[in-house]
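Work through the exercises below with the sequence and the structure in view. Each task is followed by a solution in steps.

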Amino acid sequence: DGGKLLALLPAACAFVDRCLEQGGAGAAAPAVLIHCKHGQSRSVAVAAAWLMHRRSRGLDGAGAGGLSAADALAEVRRGRAQARTKFRTELEQWGRTLQRRAPPAGAEAE
């Protein structure tokens with residue numbers, strides 16, 4: 001069972017990026033709803049992974065630097081939302097993957 005989420009994160013992040021680039025019909029600002037059956041674990045992990053992805057590419061105005069799994073989860077958490085331990089572990093692996101892919105300091109983000 002381990003690693004199933006991790007394998008889907010690149011495609012999930014690319015999907016969120018595409019949706020945000022396309023905007024929304026009549027929306028004041030582009031938005032993406034990330035959901036799962038209970039909205040407590042998988043959706044939280046995917047949203048956190050996207051935040052980590054965005055920060056690793058310097059797309060949030062803070063410059064490329066990375067965001068830890070714990071910090072990304074803290075930004076996503078609302079009410080009951082909690083990522084399962086196995087998803088947190090996969091997010092930490094995702095963070096290490098993003099660090100390896102990060103552009104060198106001073107390089108422009110895409």
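**Exercise 1. Determine how α2 and α3 are oriented toward each other, and which residues form their contact.**

Solution. The model is predicted.
Step 1. The axes of α2 and α3 lie 8 Å apart, and the packing angle is about 120 degrees.
Step 2. Angles from 65 to 115 degrees count as roughly perpendicular and those over 145 as roughly antiparallel. The pair α2 and α3 is therefore classed as oblique.
Step 3. The crossing of α2 past α3 is right-handed.
Step 4. On the α2 side, the contact residues are V44, A47, A48, L51, M52 and R55; on the α3 side, they are A69, A72, L73, E75 and V76.
Step 5. Sorted by class, this contact holds nine nonpolar and two charged residues, and no polar ones.

**Exercise 2. Place V76 in its helix, decide whether V76 is buried or exposed, and list its contacts beyond four places in sequence.**

Solution.
Step 1. V76 belongs to helix α3, which covers residues 69–76.
Step 2. The relative accessibility of V76 is 17%. The cut-off for buried is under 20%, so V76 counts as buried.
Step 3. With neighbours within four places in sequence set aside, V76 contacts V44, A47, A48 and L51.
Step 4. For V44, the separation from V76 is 32 residues along the sequence, while the C-alpha to C-alpha distance is 6.4 Å.

**Exercise 3. Classify the packing of α1 against α2 by angle, then name the residues in the contact.**

Solution.
Step 1. Helix α2 spans residues 42–56; its axis and that of α1 come within 9 Å and cross at roughly 70 degrees.
Step 2. The range for roughly perpendicular is 65 to 115 degrees, and α1 and α2 are therefore roughly perpendicular to each other.
Step 3. Their crossing is right-handed.
Step 4. From α1, the contact draws on L5, L9, A12, C13, V16, D17 and L20; from α2, on A45, V46, A49, W50 and H53.
Step 5. The class count for this contact is ten nonpolar, one polar and one charged.

**Exercise 4. Find where H53 lies, state its burial class, and identify its contacts outside the local sequence.**

Solution.
Step 1. H53 is a residue of helix α2.
Step 2. Its relative accessible area is 10%, so H53 is buried.
Step 3. Leaving out neighbours within four places in sequence, the contacts of H53 are C13, D17, W94 and L98.
Step 4. Two of these names can be traced to a helix pairing already treated: C13 and D17 are among the α1 residues that meet α2.

**Exercise 5. Describe how α1 packs against α4.**

Solution.
Step 1. Helix α1 covers residues 4–22 and helix α4 covers residues 85–101; the two axes are 9 Å apart at an angle of about 50 degrees.
Step 2. That angle makes α1 oblique to α4.
Step 3. The handedness of the crossing between α1 and α4 is right-handed.
Step 4. K4, L5, L6, L9, P10 and C13 of α1 are in contact with F87, E90, L91, Q93, W94 and R101 of α4.
Step 5. By class, eight residues in this contact are nonpolar, one is polar and three are charged.

**Exercise 6. Compare the exposure classes of C36 and L33 in the loop between α1 and α2.**

Solution.
Step 1. C36 sits in the loop between α1 and α2, and L33 is found in that loop as well.
Step 2. C36 has a relative accessible area of 21%, so C36 is partly exposed.
Step 3. L33 has a relative accessibility of 71% and therefore counts as exposed.
Step 4. Residues up to four places away in sequence aside, C36 touches S41, R42 and S43.
Step 5. C36 and V46 are ten residues apart in sequence, with 9.8 Å between their C-alpha atoms. L33 and S43 are ten residues apart along the chain, and their C-alpha atoms are separated by 9.2 Å.

**Exercise 7. Summarise the protein as a whole: how many helices and strands, and what fraction of residues is buried?**

Solution.
Step 1. The protein contains four helices and zero strands, in the order α-α-α-α along the sequence.
Step 2. Of its 110 residues, 30% are buried.
Step 3. Of the contacts between residues at least 6 apart in sequence, 64% link residues at least 24 apart.
Step 4. The exposed area is about 6900 Å², and carbon and sulfur atoms supply 52% of that area.

Methods:
Residues are numbered from 1 along each chain as its sequence is written. This is a predicted model: local features need pLDDT of at least 70, side-chain atom pairs count only at pLDDT 80 or more; totals for chains, interfaces and linings use all residues. Side-chain values use heavy atoms; hydrogens and water are left out. Axes are lines fitted to C-alpha atoms, for helices over the stretch in contact, and angles run from 0 to 180 degrees between N-to-C directions. Helices (H or I, at least four residues) and strands (E, at least two) are DSSP runs, numbered from the N terminus. Angles under 35 degrees count as roughly parallel, over 145 as roughly antiparallel, 65 to 115 as roughly perpendicular and the rest as oblique. A crossing is left-handed if the near helix is turned anticlockwise from the far one by less than a right angle, and right-handed if clockwise. Contact means heavy atoms within 4.5 Å. Ala, Val, Leu, Ile, Met, Phe, Trp, Tyr, Cys and Pro count as nonpolar, Asp, Glu, Lys and Arg as charged, and the others, Gly among them, as polar. Buried means under 20% relative accessible area, exposed over 50%, partly exposed in between (1.4 Å probe, protein chains only). Accessible areas come from the Shrake-Rupley method with a 1.4 Å probe; for residues, only the protein chains shown count as cover.
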